[in-house]
Amino acid sequence: MPALVTVCALVWTAGVVVVPWLASHDSVLAPWLRLVYKPGCHQIPERCLDLGFGPMAVCARCMGLYIGGCVGLLWTTLRNRSSRPRPVWLAVVAAPTVLDFVAGQVGLPSLGNWTRFALAVPLGLLAGLYVGDALLEIVRQNTAKKITRDSVG
């Protein structure tokens, strides 16, 4: 199950880059696929990274979260072992992203898109590690239940 979730996360994240590429090739799918990402991100073009095909389907911060999350999931899946960081690290890596968000809300100057992206990657990484660990625990518990049922029955 962790491998399946990791593959889905990688496909989802790749879609963020594929959408502007499709749009640059006048694909009718591009606007529809962009709508898929809309519920989770404001998609303000000026806040999105552009790799030469137009703005990505999510903002720079969301892209950093997605990339970091994929790395965390991939790490846990490949190791097939828990990498649960201490909760204090969540506060440490979240602080820059939270401060940047709050600064924008109170009208302070914004950081650049690549900086936003870079600040969000560690937070996404930790989130990916936590999700990966949760998936491993679900598999472990279900495997233990199956072994218990099989040995009793």
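1. Four salt bridges are found when the whole structure is searched. The structure is a predicted model, and the points below should be read on that basis. Three of the pairs are discussed here, followed by remarks on helix α1.

2. Arg61 and Asp100 form a salt bridge in which the closest N and O atoms are 2.4 Å apart. The pair links distant parts of the chain, since Arg61 belongs to helix α3 (residues 60-79) and Asp100 to helix α4 (residues 87-105), with their positions 39 residues apart in the numbering. Arg61 has a relative accessibility of 15% and therefore counts as buried, the cut-off being under 20%. Asp100 is buried as well, with a relative accessible area of 8%.

3. Asp100 also takes part in a salt bridge with Arg116, where the N to O distance between the side chains is 3.3 Å. Arg116 lies in helix α5 and Asp100 in helix α4, so this pair ties together parts that are 16 residues apart in sequence. Arg116 and Asp100 are both buried. Through shared partners, salt bridges join Arg61, Asp100 and Arg116 into one network.

4. A further salt bridge is formed by Asp133 and Arg84, whose closest N and O atoms are 3.9 Å apart. Here too the pair links distant parts of the chain: Asp133 is in helix α5 (residues 113-152), while Arg84 is in the loop between α3 and α4, and the two are 49 residues apart. The surroundings of the partners deserve a comment. Asp133 has a relative accessibility of 2% and so counts as buried, whereas Arg84 is exposed, with a relative accessible area of 53%. The distance of 3.9 Å in this pair falls within the 4 Å limit applied to salt bridges.

5. Helix α1 covers residues 2-24, a run of 23 residues. From its first C-alpha to its last, α1 reaches 34 Å, which is close to the 33 Å expected at 1.5 Å a residue. The helix nevertheless bends by about 35 degrees at Val16, and a proline, Pro20, follows within four residues.

6. Which residues of α1 are buried? They are Pro2, Thr6, Ala9, Thr13, Gly15, Val16, Val19, Pro20 and Leu22. Val16, the site of the bend, is thus named among the buried residues, as is Pro20. After α1 comes Asp26, whose phi is positive, near 55 degrees.

Key. Residues are numbered from 1 along each chain as its sequence is written. This is a predicted model: local features need pLDDT of at least 70, side-chain atom pairs count only at pLDDT 80 or more; totals for chains, interfaces and linings use all residues. Side-chain values use heavy atoms; hydrogens and water are left out. The expected span of a helix is 1.5 Å times one less than its number of residues. The bend at a residue is the angle between axes fitted to the seven residues ending there and the seven starting there. Buried means under 20% relative accessible area, exposed over 50%, partly exposed in between (1.4 Å probe, protein chains only).
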